[in-house]
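Thank you all for coming; today I would like to walk you slowly through one structure, taking it a piece at a time. Please have the sequence and the model open in front of you as I speak.

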Amino acid sequence: MKKIGFLSFGHWTAAPSSQVRSASDALIQSLELAVAAEEVGADGAYFRVHHFARQLGSPFPLLAAVGARTSRIEIGTAVIDMRYENPLYMVEDAGAADLLAGGRLQLGISRGSPEQVIDGWRYFGYQPAEGETDADMARRHTQVFLEVLKGEGFAQPNPRPMFPNPPGLLTVEPHSPGLRDRIWWGAGSATTAAWAATLGMNLMSSTLVDDDASGDPFHVVQARHISAFRAAWQEAGHEREPRVSVSRSIFALVNDLDRRYFGQGPDDGDQIGHIDAATRAIFGRTYAAEPDVLVGQLAEDEAIAAADTLLLTVPNQLGVDYNAHAIESILKYVAPQLGWR
């Protein structure tokens, strides 16, 4: 059994071919797609966070709105760039959104991805400490965030406060019990996957992974990262079972519109690219085929087999109705044949 949700990047553009032409469109349609996804039986609504881009950038208002409009699905991010975050303020925002959703928040965070601007986190007021890289800063922010999420007091109370304080040291409010166990780390390598496990975070294996020069397909490399994560989790001695997600672009071709959108392109397989001057990465393929063909292809994907959660990357600019149909097609025609439902 697998949880199956969607992942939206929330793009908008004024291009005539897009049904998402403004930031307002992107936010409202993201909310509407989450509602529609719950109605067709999906398990989660996840949103990518990018700054300085015409995409979803400020996740917590959207997450809170989705939580208020839905009742069952998980609500999450994939992922928040921790280089840009004030950890304590993020604890407040996350706690409020999680309480509004009744404890359904699943927050994916990471050290970030290639940016639209140079060192964009500097414009947000953050700078690595002496001897740190920006990735080190992201991990430092993360560790503060995780510690404060525990809800334990750490701040010295004012002896003459405006309002009466409870006894002892204070923490930021609102505190949402259980949220600490629902934090995921977006990892692109076996090393970062293992690091996430030592801190008790769930694993969101990235849509792209570091090229390890093995020549193996994306899903095989990704499965090795998942194995490293599980081994590190067991060694760390955590009491609960971890969760692991992977994301894929998967389209079941069940009508003429599906074939027009996704049935004409060649099956190019994985792609190799550079996420910065020094890092080669493998990008996973898109799966698009008739349902019976998809079942055979996906059965061979080792990383999907190793994960308990699958996020379907949706082309949000095609609109709510089409994306709800694309999600439902996987749930109806593909997932049962693979034992995911």
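Before anything else, a word on pairing, since I will speak of bridges between strands: two strands are said to pair if DSSP finds at least two bridges between them. Please also keep in mind that what you see is a predicted model.

Let me begin with strand S8, which covers residues 244-252. Nine of the nine residues of this strand are buried, so S8 is largely enclosed by the rest of the structure. If you look at its two sides, Val244, Val246, Arg248, Ile250 and Ala252 point one way, while Ser245, Ser247, Ser249 and Phe251 point the other way, and all of them are buried.

Which strands does S8 run parallel to, with four bridges to each? One is strand S12, residues 309-313, which is joined to S8 by four bridges and runs parallel to it, and here Val246 has Leu310 in S12 as its bridge partner. Another is strand S11, residues 286-289, again parallel and again joined to S8 by four bridges, with Ser249 standing opposite Thr286. S8 also runs parallel to S6, although here the number of bridges is two, and the bridge partner of Met204 in S8 is Ser245.

From S6 we can step across to S5. Strand S6 consists of residues 202-205, and four bridges join it to S5 in a parallel arrangement, where Ala187 of S5 is partnered by Ser205. Taken together, S5, H5 and S6 form a β-α-β unit that is right-handed.

Is S5 mostly covered or mostly open? It is mostly covered, since five of its five residues are buried, and this holds for both faces: Ile183, Trp185 and Ala187 lie on one side, Trp184 and Gly186 on the other, and every one of these is buried. S5 also pairs with S4, in the parallel sense, over three bridges, and one of the residues involved is Gly108, whose bridge partner in S5 is Trp184. Between these two strands the chain crosses from S4 through H4 to S5, and this β-α-β crossover is right-handed too.

That brings us to helix H4 itself, where there is a small calculation that you can follow along. The helix has 16 residues, from 134 to 149, and the expected span of a helix is 1.5 Å times one less than its number of residues. H4 should therefore span 22 Å, and its end C-alpha atoms are indeed 22 Å apart, which agrees.

Now consider which way its residues face. An α-helix has 3.6 residues a turn, so residues three or four places apart point the same way. In H4, the buried residues are Ala135, Met137, Ala138, His141, Thr142, Phe145, Leu146, Val148 and Leu149. What do these buried residues pack against? Their neighbours are helix H3 (87-100), strand S4 (105-110), strand S5 (183-187) and helix H5 (190-198). After the helix comes Gly151, whose phi is positive, near 85°.

I would next like to look at two single residues. Gln106 lies in strand S4, and it counts as buried because its relative accessibility is 5%, where the cut-off for buried is under 20%. Leaving aside residues up to four places away in sequence, Gln106 touches Tyr46, Glu74, Ile75, Gly76, Thr77, Arg182, Trp184 and Arg243.

Trp121 has its place in the loop between S4 and H4, and this residue is also buried, with a relative accessible area of 2%. Trp121 and Asp81 are 40 residues apart in sequence, and their C-alpha atoms are 9.2 Å apart in space. Among the residues that Trp121 touches are Arg83, Tyr84, Glu115 and Met137.

Finally, let us turn to the empty spaces. There are three cavities of 30 Å³ or more, and the largest cavity has a volume of about 100 Å³. Its lining includes Asp81, Arg83, Tyr84 and Glu115. There is also the second largest pocket, with a volume of about 170 Å³; of the 14 residues that line this pocket, the closest to its centre are Phe60, Tyr84, Glu85, Tyr89 and Asp93. Helix H2 (59-69) and helix H3 each supply at least two residues of that lining. You may like to find Tyr84 in the model, as this residue lines the largest cavity and also the second largest pocket.

Definitions and conventions:
Residues are numbered from 1 along each chain as its sequence is written. This is a predicted model: local features need pLDDT of at least 70, side-chain atom pairs count only at pLDDT 80 or more; totals for chains, interfaces and linings use all residues. Side-chain values use heavy atoms; hydrogens and water are left out. Buried means under 20% relative accessible area, exposed over 50%, partly exposed in between (1.4 Å probe, protein chains only). Contact means heavy atoms within 4.5 Å. A crossover is right-handed if, with the strands pointing away from the viewer, the path from the first strand over the helix to the second runs clockwise. On a 1 Å grid over the protein atoms alone, a cavity is a set of points where a 1.4 Å probe fits but cannot get out, and a pocket is an open set with protein on both sides within 12 Å along at least five of seven lines; lining residues have an atom within 4 Å of a point. Grid points are joined across faces, edges and corners, and a volume is the space filled by probe spheres set on the points.
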